[in-house]
Amino acid sequence: INPDASFQQINKSACKMLGYSAGDFPNLSLMDVCPNLTTDDWQNSWLELTKDGTVESEMIFRHQTGRDIPVDISATYFEFDGKAYNCVIARDVTERKRAEENQRASKAFLEKILNNIGDPIFVKDDQHRLIIVNDAFCSIFGVSREEAIGKTLAEHVPPDEKDHFMNVDRQVIADGKENVCEETLTVNDSKTLTISTKKTRYVAENGNKFLIGVIHDITERKRTEEERLKLENRLQQSQKMESIGTLAGGIAHDFNNILTAIIGYTQMAKEDSQPGSSISKDLNEVLEAGNRAKNLVRQILAFSRQDDAERIHLQPARIVEETIQMLRPSLPTTISITQDIDTITDLVFVDPTQLNQILMNLCTNAFNAMEETGGRLSISLKNVTLSSDDLIHLSLIHISEPTRQYFQSRIKSSA
């Protein structure tokens, strides 16, 4: 090529590449077959060539039919018979460029597939450095792809988790056996996740080993499983209590039949005894004990849901006093009972057996609190007047109601 960009001489390969005959080139310049090259570009290139002697670059030639041809250019400056020339060797790199473009498209396609997978995916080299990660992986670690590539991210997890991850990675890379493991992941001291990780080894053609991993967040699934197990345990406990209630109800019915005979024959014996005699007094004790046993049977039947609750108007003081009488013999001598019972309280409409159960449960809780150390069990009963604000404060109601009279029973242990 001459300094003015005209063609001095071309070979057959150049004619074939560009689609011109040898006779066409005297009327053409380099800018005619290289449309992206301007006159200024050529002059600058010529100055660079005369200075450096050799220049290599990529250019686009245009075929006579208008088709673009990517080429690699190697230009050499030389002089002959006092004239300067540019010897250009052009190599058609269309296939290479097509392969590079296909490779870029395949890479972009693979990246889109990886990034559309919801589970974090990663690839590490044998030095535990990340070389491929998807968007889900970056999201779970809170880093960008640029911050992850080439790093181990070991500083983002606690030491115990880091050691576990590294040990598994080394084992998989060493023996090539796939590893599936449930483990915890705590990133930057934030919320701990429960994950299931599958890791496998890939050996490249050059012998380099890589670790491929897929992380599946199973935190929600594990929480659901735990809740299901809790519900199953509650159901089993409920079924167990139902069985106990059924058994207790059957025993209570049989015992009630025995009590009926005891109370009936005791009443007949009392009628035959002399009023005021010691035998009559003893029979009264038997009847009183039988009635207490009858009430106990009613409690068992109420517990087993085989007896309908019977609500009546009564003085609550009587139930409280009966509860204390039933409770006192079962308490050790290290626990004393003090009572402050207001016997003049308003009537309440309640099932006495259920009220007795509530009081017994509260007293039993108090007894258990001081079973080892001993102490004092205090039981009180009094009338109270509660306003709407009082009830709302006690979380008993959520709307306004008129001021009313209530009875309050307080069970307190010195523990």
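## Helix 3 and its surroundings

In this predicted model, G53 follows helix 3 and has a positive phi, near 90°. Helix 3 itself covers residues 39-52, 14 residues in total. From its first C-alpha to its last the helix reaches 20 Å, close to the 20 Å expected at 1.5 Å a residue.

W42, W46 and L49 are the buried residues named in helix 3. Viewed down the helix axis, the buried residues fall within an arc of 65°, so they line one face of helix 3. An α-helix has 3.6 residues a turn, so residues three or four places apart point the same way. The buried residues of helix 3 pack against helix 2 (30-33), strand 1 (54-62), strand 2 (68-80) and strand 3 (83-92). On the face turned away from the buried side, helix 3 carries the exposed residues D40, L47 and K51.

## Salt bridges between distant parts of the chain

The count of salt bridges comes to 22. One of them joins the side chains of K97 and E58, at 3.1 Å from N to O. This pair links distant parts of the chain, with K97 in helix 4 (residues 94-115) and E58 in strand 1, 39 residues apart. K97 counts as partly exposed at 26% relative accessibility, and E58 counts as exposed at 51%.

A salt bridge also joins the side chains of D72 and R91, at 3.2 Å from N to O. Here too the pair links distant parts of the chain: D72 lies in strand 2 and R91 in strand 3, 19 residues apart. D72 has a relative accessible area of 16% and is buried, because buried means under 20%. E58, D72, R91, R96, K97 and E100 are linked in a network of salt bridges.

## Helix 8: a local salt bridge

Within helix 8, the side chains of R223 and E220 meet in a salt bridge of 2.2 Å, N to O. R223 and E220 are 3 residues apart in helix 8, so about one helical turn separates them. Both ends of the bridge are partly exposed: R223 has a relative accessible area of 36%, and E220 has one of 47%.

## Helix 8: a nonpolar surface patch

F255, I258, I262 and V286 make a nonpolar surface patch of about 320 Å². Helix 8 (residues 219-272) gives the most to this patch, with 3 residues. I262 has its place in helix 8. The relative accessible area of I262 is 40%, and the residue is partly exposed. I262 can belong to the patch because patch residues need over 30% relative accessible area, and I262 has 40%.

Terms used: Residues are numbered from 1 along each chain as its sequence is written. This is a predicted model: local features need pLDDT of at least 70, side-chain atom pairs count only at pLDDT 80 or more; totals for chains, interfaces and linings use all residues. Side-chain values use heavy atoms; hydrogens and water are left out. Patches are made of residues with over 30% relative accessible area and no salt bridge: like charges are joined within 9 Å, nonpolar side chains (Val, Leu, Ile, Met, Phe, Trp, Tyr) within 5 Å. Accessible areas come from the Shrake-Rupley method with a 1.4 Å probe; for residues, only the protein chains shown count as cover. A salt bridge is a side-chain nitrogen of Lys or Arg within 4 Å of a carboxyl oxygen of Asp or Glu. Helices (H or I, at least four residues) and strands (E, at least two) are DSSP runs, numbered from the N terminus. Buried means under 20% relative accessible area, exposed over 50%, partly exposed in between (1.4 Å probe, protein chains only). The expected span of a helix is 1.5 Å times one less than its number of residues. The arc is that of the directions from the helix axis to the C-beta atoms. Contact means heavy atoms within 4.5 Å.
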